[in-house]
Amino acid sequence: MAINLAQETVQTYEVETLIQKAKHAQHIYASFTQEQVDEIVKAISVRLTEAAEDLAYKAHTETGFGNVKDKTTKNLFASQQVYESIKDEPTVGIIDRDEMNKVIEIGVPMGVIAALVPVTNPTSTVIFKTLVALKTRNAIVLSPHPKAVNCIVEAARLVEEAAVNAGAPKGLVQVIESPSLEGTQTLMQHDDTALILATGGGPMVKAAYSSGNPAIGVGPGNGPAFVEKSAHIEEAIDRIITSKTFDNGTICASEQSIIVEKGIKEEVVEELKKRKAYFMNQEESEKVSHFIMRENGTMNPQIVGKTVTEVAKLCGIIIPADTSVLISEETTIGPDNPYSREKLTPILAMYTVNDWDQGVTTCNTILENEGAGHTAMLHTTNDELVEDFGLRIKASRILINTPGTFGGIGFSTNLAPSLTLGCGAIGGSSITDNVSVRQLMNINRVAYNK
Ligand SMILES: CC(=O)SCCNC(=O)CCNC(=O)[C@H](O)C(C)(C)COP(=O)(O)OP(=O)(O)OC[C@H]1O[C@@H](n2cnc3c(N)ncnc32)[C@H](O)[C@@H]1OP(=O)(O)O
């Protein structure tokens, strides 16, 4: 007990030191001009683009999740696409003058951002969160998931180095190198923490919300993909398989179930089989079901981000070597049916519905079970149904004819490119936006008498 207390005190002290270093650097940085800030952000983008593959390799080796090729793409998405989307955005001083309404907007930094970094997308999340934090003249303290510390520390080191070389004050990017519950809580509850960006497992996100500081948290996803009867089936299945297999399913906007109208089911199944989906029989489904969740009701890290072959081996089922995803046909939705929940691995549930209305209801029941406010997909060629789906579905990102993984993060859609996706009030979040620079600065307004 005495040893634990001593360790906790050391960790609290370390975190306190990191926050003070970040705070000091941010005070200096707050006086930087837009041009200076933009040079720094550009330098980070260039350096982290160069390092994308190496960091992907390190993230894969350390976590055992996903694969190097897709992690490289995720890193490049953060260093290039996120950068492109923010580079011309004004964030310093007067950012807008509305002459007609006589309102002037002024961008003000928040201060020190506390950023939780998940094990599923570690290095890409570091690149994303540091870019948006530094573009808005904030400092950032990163709290790594304990199983991805080394790659997160390395990514943060490269960001800090690039920033300093481009003229930033030392200390804007800090990392907790020995993460612990105690240390993370100290960070989240600290008076000098301006905002928490919490991406990760449910308990961590809840802890962020109860810290007493403003927080933007990302709840679980559980995206249903509704293949409606007018859908272009070959394209729809191509999108779903590409999305679900990307980095072995680690993106929270990825598809978790397919909802298909019974009139087109046969064609959909045929197309899925063409794309090497493996339909499990009841016995196989039962075996795999025991590995999806762990006893505490959260996702089992043994299957997260693994290849379909690894999952099959672990669960004791035999599948063809070229299998893309495992599919379990389901009829029930609820906390006790793991197939109806989030599975960040190449496993999908499939539900058959009679018609459009039942399909929409099924999507909502799945989201109410888990993932409310996150993401849902519709595959259709009928524009009228798109609006009906949009009006009825309980998701912040309602994606049409696009892969969930890429559509949700703004890679294949025009949503803001982001790796932190708001889930709205229904998902326990204050916003439905894809987080970007707008959510990381305060906007003061000068307003004249009408
Ligand atoms: C856009 C996007 O795609 S974001 C994706 C974000 N979504 C997710 O990460 C999915 C939800 N995550 C999970 O379910 C889990 O993290 C898993 C299954 C992926 C991994 O499980 P595990 O390796 O067992 O880690 P788990 O998240 O349960 O945390 C283990 C411990 O690390 C701590 N921890 C987790 N994240 C952090 C963090 N960022 N900083 C400090 N500590 C952390 C947890 O509090 C927990 O502590 P405890 O053991 O004292 O309770």
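In this predicted model, helix α2 is a convenient place to start. Helix α2 takes in residues 34–50, 17 residues in total, and at 1.5 Å a residue it should span 24 Å. The C-alpha atoms at its two ends are in fact 24 Å apart, so the expected and computed values agree. The buried residues of this helix are Gln34, Val37, Ile40, Val41, Ile44, Ser45 and Leu48. Around the axis they cover an arc of only 140°, and therefore they lie on the same side of α2. Glu35 and Glu50, in contrast, are exposed on the other side of the helix.

Helix α2 also takes part in a helix pair. Two packed helices are described by the angle between their axes and by the distance between those axes. For α2 and helix α6, which comprises residues 149–165, the axes come within 8 Å and the crossing angle is roughly 135°. Angles over 145 degrees would count as roughly antiparallel, and those from 65 to 115 as roughly perpendicular; α2 and α6 are therefore oblique to each other. The handedness of this crossing is right-handed.

A second pair can be described in the same terms. Helix α9 packs against helix α10 (residues 265–274) with an axis separation of 9 Å and an angle of about 50°. The relation between α9 and α10 is therefore again an oblique one. Here too the crossing is right-handed, as α9 passes α10.

Attention now turns to the sheets. One open sheet is built from three strands in the order β1-β2-β15, with antiparallel pairing. Its edges are formed by β1 (93–98) and β15 (441–447); each has a single partner strand, so one side of each is left without a neighbour in the sheet. On average, and with direction ignored, neighbouring strands of this sheet are turned by 25° against each other.

The pairings within this sheet can be followed strand by strand. Strand β2, residues 103–109, runs antiparallel to β1 and is joined to it by five bridges. Across this pairing, Ile94 stands opposite Ile106 of β2. The hairpin of β1 and β2 has four residues between its strands, and in it Lys102 adopts a positive phi near 55°. Towards β15, strand β2 makes seven bridges, and the two strands run antiparallel. In this second pairing, Val103 has Ala447 of β15 as its bridge partner.

The other sheet to describe is open and has seven strands, ordered β10-β11-β12-β9-β8-β13-β14, with parallel pairing. Strands β10 and β14 are its edge strands, and each of them pairs on one side only. At the β14 end, five bridges join β14 to strand β13 (residues 373–379), and these two strands run parallel. Among the contacts there, Thr375 has Arg397 in β14 as its bridge partner.

At the other edge, strand β10 consists of residues 278–279 and contains Tyr278. The relative accessible area of Tyr278 is 19%; the limit for a buried residue is under 20%, and Tyr278 is therefore buried. Between the C-alpha atoms of Tyr278 and Glu53 there is a separation of 31 Å, and the two residues are 225 residues apart along the chain.

Two loop residues deserve a closer look for their backbone angles. Asp247 is not a glycine, yet it has a positive phi of about 50°. This residue is placed in the loop between α9 (233–245) and β9 (255–261). Its relative accessibility is 0%, and Asp247 therefore counts as buried. Asn401, likewise a residue other than glycine, has a positive phi near 50°. Asn401 belongs to the loop that lies between β14 (395–400) and α15 (404–408). With a relative accessibility of 30%, Asn401 counts as partly exposed. The two loop residues can thus be set side by side: Asp247 is buried, whereas Asn401 is partly exposed.

Conventions: Residues numbered from 1 in each chain as written. Predicted model: local features only at pLDDT ≥ 70, side-chain atom pairs only at ≥ 80, totals over all residues. Heavy atoms only, no water. Expected span 1.5 Å × (residues − 1). Buried < 20%, exposed > 50% of the residue type's maximum accessible area, 1.4 Å probe, protein only. Arc of directions from axis to C-beta. Pairing = 2+ DSSP bridges. Axes fitted to C-alpha atoms, helices over the stretch in contact; angles between N-to-C directions. Parallel < 35°, antiparallel > 145°, perpendicular 65-115°, else oblique. Left-handed = near helix turned anticlockwise from the far one by under 90°.
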